Amino acid sequence: MLLVAAFALTAGGVTALGVNTLVKGMDSLLPDARRISTFNRPGTVTILSADGEVLQKLGPATREKVAPGQMPELVKEAFIASEDRRFYQHKGVDPTGIARAMLRNLSRGSVEEGASTITQQLARTVFLSQDRTLIRKLKEAALAGKLERQLSKQQILEQYLNYVYLGSSAYGVADAAWIYFSKTPDELTLPEAALIAGLPPAPSVYSPLVNPDLARQRRSVVLQRMEQAGFIDSGELADAQATPIQLKPALPKYWNSRAPFFTGWVAQELPKVLSSEQLEVGGLTIRSSLNLAWQEEGQKVINASAYGGLEGALVTVEPGTGLVRAMVGGKDFGKSQFNRATQALRSPGSTFKLFVYLAALKAGMKPETTILDAKRCFAGYCPKNFGDRYLGRVSLATALQNSLNIVAVSLLQQVGFDKVIATAQSLGITRELGRFYPMALGAYEQTVLDMTTAYAAVINRGVFVPATPFEEISGPNGELLWSRRIDGDKGRRAVDSNIADAMVWMLQRVVTGGTGGAASLRNRPVAGKTGTSEGARDLWFIGGIPQLTTGIWLGYDNNRKTKSDSGSAAAAWGRYMAVVVKDLPVRQFPPKPVLTGTFKPTKPAKSTAQPGRPSNLPTPGEDRSQPEPAQLPPPTDRESDLPALPDLPEEPPQSLPPRGRESGAGPEPTPARPAPRRPAPAPAPTQPPPVAPPPTVNPSFPVAPPPVAPPPVAPPAPVAPPPVP
């Protein structure tokens with residue numbers, strides 16, 4: 001007997017060990033059930049803000065989940081009664097349920113009851129396809145067993161209720177409650193919970209938005225099963241059966257983007273960092289650079305500043321990383337999906353002088369170097385200062401502070417076209433620049449994003465970092481596909497740090513005592529530049545503090561005159577940044593460096609006038625928000641150190657003109673645009689500005705505008721520039 005008992009125990013132990021080894025071996029071949037917590041369906045894209053808030057969800061995504069432990073009991077009971085009444089008794093597969101379903105379906109002559117448990121349905125949703133094959137069913141059963149061993153019943157049920165497809169783009173109970181009834185799951189009544197619980201067998205057929213009569217019949221079946229399971233009594237059953245279906249449909253949450261101009265740009269930039277295969281598979285989670293609070297503030301400022309038919313754009317860039325923290329492409333995305341921050345090509349006016357002055361400093365000039373400011377022509381091109389007033393010999397710093405046109409064009413002549421063009425290109429300006437003197441005054445159109453990124457590089461002490469909307473991108477299984485810290489552009493030296501610091505010192509004077517006074521911030525250093533094009537058609541201010549650079553543009557889409565000045569853009573910048581910087585520490589720019597270079601003038605460029613063309617160009621102008629000449633610093637006839645930069649005032653200098661149109665200031669002349677390479681028709685009065693073509697987007701990537709918005713406007717046609725001699 002002892003021998004028999006010992007043999008039985010040994011055999012039992014060996015059998016148990018063998019079964020356990022077999023189960024572990026099978027489990028090792030199956031996916032880890034704990035991956036469910038990071039599950040994303042193929043083809044979905046979730047875009048998050050920098051702090052993790054959802055900006056938009058595209059594709060077959062669960063747009064809102066119920067937190068663990070928060071799923072209402074009524075909802076759980078309705079789904080258990082409808083889909084798996086023995087859920088708490090089986091181990092993933094229910095033989096009793098299979099037999100019951102077979103008998104019922106045979107007796108009725110049709111398939112009226114399924115045999116898949118909730119655990120099996122969850123395994124199929126997350127890990128398998130919907131193919132009806134024996135191999136898939138075997139895998140499903142094996143996975144269901146592993147889910148039961150790795151997760152609790154509560155976890156399985158909650159995950160199922162968060163992922164099950166319930167028709168009409170509803171993935172999960174929270175989505176369904178919102179889409180059908182505009183409610184949260186805990187607000188659902190018994191009839192509403194039963195209706196939703198009846199959808200899984202045929203979501204598109206039973207959807208109350210598609211077939212309300214079938215939905216009501218299916219609801220009745222679920223209610224009867226809930227009574228049979230003891231979840232409700234006969235009185236509750238009767239009351240629920242008599243309740244009419246009262247729908248209150250709503251769009252899925254996060255269907256519309258919370259920052260549509262920005263997320264549209266994200267879609268355009270994705271092919272630059274991911275392969276076409278990764279885009280086709282989808283299941284992406286993108287943690288973007290956007291600061292949602294700053295974005296909302298930027299939209300408020302643009303809407304308030306672009307009065308009437310005016311439009312506007314705003315971009316905020318972090319200089320050291322290139323991360324775009326805010327992007328506003330217009331006043332109303334619902335009316336126009338045209339992104340004026342990335343697609344609109346506008347004359348940058350005097351903001352383009354940044355590249356001219358940088359090239360001069362790189363060539364050996366200093367902020368103290370003096371230039372003659374007097375009326376003159378350059379190879380037949382005769383620019384004018386604002387008000388047709390001239391100051392004699394002035395330093396570079398004073399000329400930039402007061403945005404003197406003659407000095408900017410004179411610098412271009414002395415430094416040479418090639419050096420100015422090379423400087424602009426090193427700072428991310430990719431559009432072709434022609435060798436014409438009006439280039440110094442902003443004749444070649446640029447985007448707000450490109451110009452802001454260039455200024456950010458100068459504030460970053462000369463290191464250019466391309467603008468990016470991405471922090472991290474994760475794949476369908478939570479794996480890291482791309483990270484800015486690992487894969488992102490680390491930047492490159494574009495300008496020597498001493499040159500960049502000298503330029504920033506000069507730009508600070510523009511704000512403390514020049515044309516950009518409306519952009520000053522209380523107790524903070526600000527460096528920036530105003531810009532205005534012909535007839536004040538384009539109003540700019542681009543500037544920053546050490547931590548952030550922001551560019552603002554205001555104007556009409558049809559390119560008509562604004563009857564305003566760049567002071568309005570500077571004031572809008574100041575209102576926006578005053579809110580943004582509240583939580584940022586006060587930091588100082590580097591001190592003014594001592595430059596030791598020696599300048600050798602470039603041989604003056606020959607005239608590029610074409611034979612038979614008129615020799616006079618439209619007269620360029622400058623920012624009408626500059627101080628009166630009597631308030632300008634006195635000119636100097638020699639190179640000497642300028643006085644130290646004054647302490648930043650708490651309020652804009654009182655000597656600066658008020659915001660808006662100056663008294664007696666006429667329409668501002670423009671920097672002339674270069675001649676087109678091929679004939680172009682004259683622009684119509686309502687013709688919009690030219691558009692930069694967006695990067696190609698993989699057609700399989702789901703980035704269509706929200707369905708509630710009007711169709712996108714057609715890209716505007718280019719505006720033909722005036723002829724050039």
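Here is a short conversation about the structure shown above.

Visitor: How many helices and strands are in the protein?
Guide: Welcome! This is a predicted model, in which local features need pLDDT of at least 70, side-chain atom pairs count only at pLDDT 80 or more, and totals for chains, interfaces and linings use all residues. Residues are numbered from 1 along each chain as its sequence is written, and side-chain values use heavy atoms, with hydrogens and water left out. Helices (H or I, at least four residues) and strands (E, at least two) are DSSP runs, numbered from the N terminus; the protein has 22 helices and 14 strands.

Visitor: What percentage of the residues count as buried?
Guide: Buried means under 20% relative accessible area, exposed means over 50%, and partly exposed lies in between (1.4 Å probe, protein chains only). The protein has 725 residues, and the buried share of them is 54%.

Visitor: What area does the protein expose?
Guide: Accessible areas come from the Shrake-Rupley method with a 1.4 Å probe, and for residues only the protein chains shown count as cover. Carbon and sulfur atoms supply 56% of the exposed area, which is about 31100 Å².

Visitor: Which residues of helix α6 are buried?
Guide: Helix α6 covers residues 153–163, and nine of its 11 residues are buried, so the helix is largely enclosed by the rest of the structure. The buried ones are K153, I156, L157, E158, Q159, Y160, L161, N162 and Y163.

Visitor: How many salt bridges does the structure hold?
Guide: A salt bridge is a side-chain nitrogen of Lys or Arg within 4 Å of a carboxyl oxygen of Asp or Glu. One of them joins E192 and K183 at 3.0 Å, N to O, where E192 is buried at 11% relative accessible area and K183 is partly exposed at 22%. A network of salt bridges also links E311, R340 and D557. For the structure, the total is 20 salt bridges.

Visitor: How far apart in sequence are the parts that R124 and E140 tie together?
Guide: The closest N and O atoms of this salt bridge are 2.8 Å apart. R124 counts as buried at 14% relative accessibility, and E140 is buried too, at 0%. R124 sits in helix α4 (residues 118–127) and E140 in helix α5 (residues 134–150), so the pair ties together parts that lie apart in sequence by 16 residues.

Visitor: What is the distance between the closest N and O atoms of E368 and K592?
Guide: E368 is in the loop between α15 (353–362) and β6 (370–373), while K592 is in the segment after α22 (566–580), so their salt bridge ties together parts 224 residues apart in sequence. E368 is buried at 7% relative accessibility, whereas K592 is partly exposed at 29%. Their closest N and O atoms are separated by 2.5 Å.

Visitor: Which residues does L354 touch, leaving aside those up to four places away in sequence?
Guide: L354 belongs to helix α15 and is buried, with 2% relative accessibility. Its C-alpha atom is 9.2 Å from that of A440, 86 residues apart along the chain. Contact means heavy atoms within 4.5 Å, and with those sequence neighbours set aside, L354 touches A454, Y455, V458, M503 and L507.

Visitor: Which residues form the nonpolar patch that includes L138?
Guide: Patches are made of residues with over 30% relative accessible area and no salt bridge: like charges are joined within 9 Å, and nonpolar side chains (Val, Leu, Ile, Met, Phe, Trp, Tyr) within 5 Å. L138 lies in helix α5 and is exposed, at 51% relative accessible area. The patch has about 340 Å² of accessible area together, and its members are L134, I135 and L138.

Visitor: What is the phi of Y254?
Guide: Most residues other than glycine have a negative phi. Y254 is found in the loop between α11 and α12 (260–269) and is partly exposed, at 25% relative accessible area. Its phi is positive, near 65°.
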